[in-house]
Amino acid sequence: MEEKAIVGMALDPQYARFIYNETNPDDVMRKPEAIDDMVVLDMSYGNYAGLFASSLLAELGAEVIRIEPPEGDIARKMTPYGIMVKDAGLAYLTEGRNKFHVTLNIEKEEGRELLKRLVKKADVLIESFKPGYMDSLGIGYRHLKEINPGLIYCAVNTYGQFGEDAKKHSNQPDYDMTDQARGVVMSVTGEPELDPEVPQEYKKPLKHGNWMGWYVGGTWAAFGILLAMFYKRKTGKGQMIDAAPPEGMMAISNYLMQYFHLTKNKMVRAGNFDYAVFPYTYVRCKDGYAFMSGFTDPNWAALCEIMNRPDLQQQFPTIKERLTPENQPKIQHEIEKFTMNYTAAELLEIVTEYSRRPDKKGTVVTGRLNAPKEVLDIEHFKVKRMFVKMKDPHYGEVLVPNSTLRFMSKTPGRVKWVCRPIGADNEYIYGKYLGISGKKLEELKEKGIV
């Protein structure tokens with residue numbers, strides 16, 4: 001890697017070189033994996049919370065055995081505009097990463113018996129069926145822990161596994177949209193209610209553009225599994241993890257519930273405003289949108305000086321005035337009168353130049369809102385190997401996000417392969433763990449068991 005690219009990532013070149021050498025992305029495949037002794041059965045169905053949880057574990061070295069019904073998981077078909085690459089949609093290409101794929105029909109007795117045999121060899125089982133479904137088949141946690149007391153059983157569902165809501169909605173699968181809606185954050189996501197320039201019909205709740213409920217839920221599930229594994233290594237005992245994605249969403253809802261408890265009022269939708277820190281917002285500029293931050297009094301004074309708008313500092317002199325919800329649209333539109341004269345790059349240059357002045361009043365932060373093409377072109381992300389481009393023998397050339405844990409200096413996460421075709425590893429996994437292969441496996445296939 002070029003010296004300039006490395007030292008350009010920190011104020012202290014020596015520090016940058018040290019960190020780069022400790023976490024050099026080129027060395028990842030030569031380092032050990034943190035949990036390469038863990039065996040995970042991922043039985044998620046139509047659910048990216050469970051899939052993401054096992055993806056994180058697979059990045060860290062766990063042997064994840066992805067168990068799908070013989071026809072494949074419906075999650076494979078959740079893809080924009082119906083775009084499929086062979087048997088996988090765009091999301092599944094990524095969330096099938098590093099996993100061995102087998103098929104198994106648990107609605108047949110013989111399939112359930114095979115699952116029980118696999119459970120004896122496993123540390124973790126992840127499932128996302130309707131509450132009580134696995135239990136009704138005789139393969140729920142209370143049954144499987146008798147077979148394997150060390151089993152960590154993680155059930156992912158919107159409503160959890162017990163209580164009135166779980167009973168009332170027991171016929172409904174876990175969906176990202178219900179996770180987001182139930183997780184309270186969606187209630188304050190959308191166009192700002194107090195901006196008079198926003199048409200009334202636009203002032204309604206919006207879901208996050210990605211499957212935020214699922215991905216947050218999956219993150220919490222993986223975290224719980226790792227902690228349970230830590231306990232198991234000390235005691236040999238497994239445990240049940242009841243992972244409800246909306247609870248993960250509520251855990252990151254900052255002050256929404258506290259505000260309601262204190263005031264008995266719902267937080268109004270703020271859009272790009274922020275009623276705790278402002279200005280801390282995206283503003284229009286010549287070539288799109290740019291982030292602009294200057295919310296403390298010194299930093300606001302600096303932003304006003306950069307814009308040559310001392311009148312704004314006089315009109316909104318303290319944090320109290322700037323956090324008044326009705327004032328924020330006014331401040332936003334006045335800032336945009338300045339920023340719309342410049343590109344995002346020019347704004348960064350102006351702010352950077354001001355930061356070098358010995359008489360600066362404070363610090364202003366700006367940054368461009370990036371589109372996918374721009375993300376792929378950013379040199380910083382290239383140096384940090386943000387994405388992995390792989391040539392898969394089945395799926396062709398595929399671009400996937402790299403492991404977010406790849407910069408662990410001793411046991412970094414990694415992406416070894418993308419998803420696999422339906423049942424691609426039946427021969428390998430059933431042979432390795434159950435001694436089933438060849439003719440016996442063919443018989444199971446003919447009977448619809450695998």
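This passage describes the nonpolar cores, one buried loop residue and one surface patch of a predicted model. Local features were taken at pLDDT of at least 70 and side-chain atom pairs at pLDDT 80 or more, whereas totals for chains, interfaces and linings use all residues. Residues are numbered from 1 along each chain as its sequence is written, and side-chain values use heavy atoms, without hydrogens and water.

The largest nonpolar core (buried Ala, Val, Leu, Ile, Met, Phe, Trp, Tyr and Cys residues joined through side-chain atoms within 4.5 Å) comprises 42 residues, and Val-40, Tyr-48, Ile-126 and Cys-154 have the most contacts inside it. Among the elements that each supply at least two residues of this core are α3 (48-59), β6 (124-127), β7 (152-156) and α10 (212-235), helices (H or I, at least four residues) and strands (E, at least two) being DSSP runs numbered from the N terminus. The greatest contribution to this core, eight residues, comes from α3. Apart from this core lies another, of 32 residues, which includes Phe-100, Phe-129, Met-134 and Leu-144.

Asn-157 is located in the loop between β7 and α8 (164-168) and counts as buried because its relative accessibility is 0%, where buried means under 20% relative accessible area, exposed over 50% and partly exposed in between (1.4 Å probe, protein chains only). With neighbours within four places in sequence left aside, the residues in contact with Asn-157 include Phe-129, Lys-130, Gln-172 and Asp-174, contact meaning heavy atoms within 4.5 Å.

Ile-252, in the loop between α11 (245-251) and α12 (256-263), counts as partly exposed because its relative accessibility is 45%.
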